[in-house]
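Trainee: I'd like to understand one part of this model really well, rather than skim over everything. Could you take me through it slowly, one step at a time?

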Amino acid sequence: MIDICLAGTGGMMPLKNRWLTTCYSEVQGNGILIDCGEGTQIALAQADINTNRINTLLITHFHADHISGFPGLMLSLKNFQKTSPLYVFCPPGGKEIIKNLSCICDDLPFKIFIDELPPDRFFSFESPGQKDFVIISAPMRHTKKCLAYRLTLNRKPVFNPEKAKELNIPLQYWKVLHRGEDVEFDGKIFTTDMVTDGERNPLTYTYATDTRPNDNLIELAEKSDLFICEGMYGDDENVEDLRKKGHSNFIDAAMAAKKADVKELWLTHFSPAMPNPYVYKDSIRKIFQNTKIPKDGFKKTL
Ligand SMILES: [Zn+2]
Ligand SMILES: [Zn+2]
């Protein structure tokens, strides 16, 4: 399962009751954070997230509202005595920017590894330390190079102990077989399919912010269990200006959710000029029924 928390939901700048958009997810104790604008460590604390578990940071792009919380987050991790490495994935240019931001964080007790991802094509990689958790990045359309991310947990088939008992396989080999490895025992070879019951669907969520509507977004989000997508404004007012600045509104996000045939949509990255995004709930659900307009700290387990 994947625990997901949208710890902040704002765009551009933090407000007194709304932190900048940041999404934390956790699989088997490994934490992945997407974006860290100003005050992210406070948003995480308020959402009761165990910040010390973050081992991967995905950055969508290098506008301040998505990265300026990096030094503060690093100092929080230091304070929590993190010693394991932090893996950062980001668009090109990130090594220089992150190095510069890190120079005000003295004596971090953990290493930071930075990978710059291709800005112009879909790219797939394994989540560090979690082989069955696969991340795909895809280029979006913003005023800076910007990536959206699709995260997929591939689940093992269900182990059936009755089948293992029938085949007289000793207990010590059960975990090995469930991991997908063959076992040779008593002159015979046993395979995973002999002790499991069929395939389980993978769990997937997609995160996209700061982009005009585009086809890559639909392709990336296709059939996601959860789609977290930018909606700067609730309606089509000022849509021309919004497009020029490379953003989407609620209607764009709901249309994308419908086209991508996702199960659930969460809107985020609300403009500071929109104090009450919740008034659009009914109108937006006419486009895509299973839409949520989350407050900071909104959680779900897939
Ligand atoms: Zn932004
Ligand atoms: Zn931006």
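Mentor: Let's begin with a word we will need: two strands pair if DSSP finds at least two bridges between them. Keep in mind too that this is a predicted model.

Now for a first pair. Strand β3, residues 30-34, runs parallel to β4, and four bridges join the two. Within this pair, G31 faces I54 of β4.

Step back, and you can see what that pair belongs to. It sits in an open sheet of seven strands with mixed pairing, and the order across the sheet is β6-β5-β4-β3-β2-β1-β18. At the edges you find β6 (112-116) and β18 (298-301), each of which pairs on one side only. On average, neighbouring strands here are turned by 15° against each other, if direction is ignored. Helix α4 packs on this sheet: it touches β5 (86-90) and β6, and its direction makes about 150° with that of β6.

A helix that shares a neighbourhood with these elements is α3, residues 70-79, in which F70, L73, M74 and L77 are buried. These buried residues lie on the same side of α3, because they cover an arc of only 100° around its axis. There is a general rule behind such patterns: an α-helix has 3.6 residues a turn, so residues three or four places apart point the same way. What covers that buried side? Among the elements lying over the buried residues of α3 are α1 (40-46), β4 (54-58), α2 (64-67) and α4 (94-102). Just past the end of α3, Q81 has a positive phi of about 60°.

One residue from a loop deserves a stop here. W19 belongs to the loop between β1 (3-8) and β2 (22-27). Is W19 buried or exposed? W19 counts as buried because it has 25 C-beta neighbours inside 10 Å, and the cut-off for being buried is 20 or more. If residues up to four places away in sequence are left out, W19 touches A7, G8, G10, P14, G39, I42, A43 and D296. D296 is a nice partner to look at: 277 residues separate it from W19 in sequence, yet their C-alpha atoms are 7.0 Å apart in space.

Now let's move to another sheet. This open sheet is also built from seven strands, in the order β7-β8-β9-β14-β15-β16-β17, and its pairing is mixed. Since β7 (123-127) and β17 stand at the edges with a single partner strand each, one side of each is left without a neighbour in the sheet. Further in, β8 (130-139) and β9 (147-153) pair in the antiparallel sense over seven bridges, with I136 opposite R150 of β9.

Follow the order along to β15 and β16, which run parallel and are joined by four bridges. In this pair, F227 stands opposite L265 of β16. β16 also pairs with β17, again parallel, over two bridges, and there W266 faces K292 of β17. The residues of β16 alternate: L265 and L267 point one way, W266 and T268 the other way, and all of them are buried.

Which strands does α9 lie across? The answer is β15, β16 and β17, and α9 runs at about 150° to β15. Helix α9 is mostly covered, with eight of its 11 residues buried; they include F250, I251, A253 and A257. Those buried residues pack against α7 (215-221), β15 (226-230), β16 (265-268), α10 (281-285) and β17 (291-292). Directly after the helix comes D261, with a positive phi of about 55°.

All this leads to the largest nonpolar core, which has 70 residues; A148, F227, I228, C229, A257 and L265 are those with the most contacts inside it. Helix α9 (250-260) gives the largest share of this core, seven residues. You have already met F227: apart from neighbours within four places in sequence, it contacts T206, A221, A257, A260, V262, E264 and L265.

How values were computed:
Residues numbered from 1 in each chain as written. Chains lettered and ligands numbered in written order. Predicted model: local features only at pLDDT ≥ 70, side-chain atom pairs only at ≥ 80, totals over all residues. Buried ≥ 20, exposed ≤ 12 C-beta atoms within 10 Å, placed from the backbone. Contact = placed C-beta atoms within 7 Å. Core = buried A, V, L, I, M, F, W, Y, C linked by C-beta atoms within 7 Å. Arc of directions from axis to C-beta. Axes fitted to C-alpha atoms, helices over the stretch in contact; angles between N-to-C directions.
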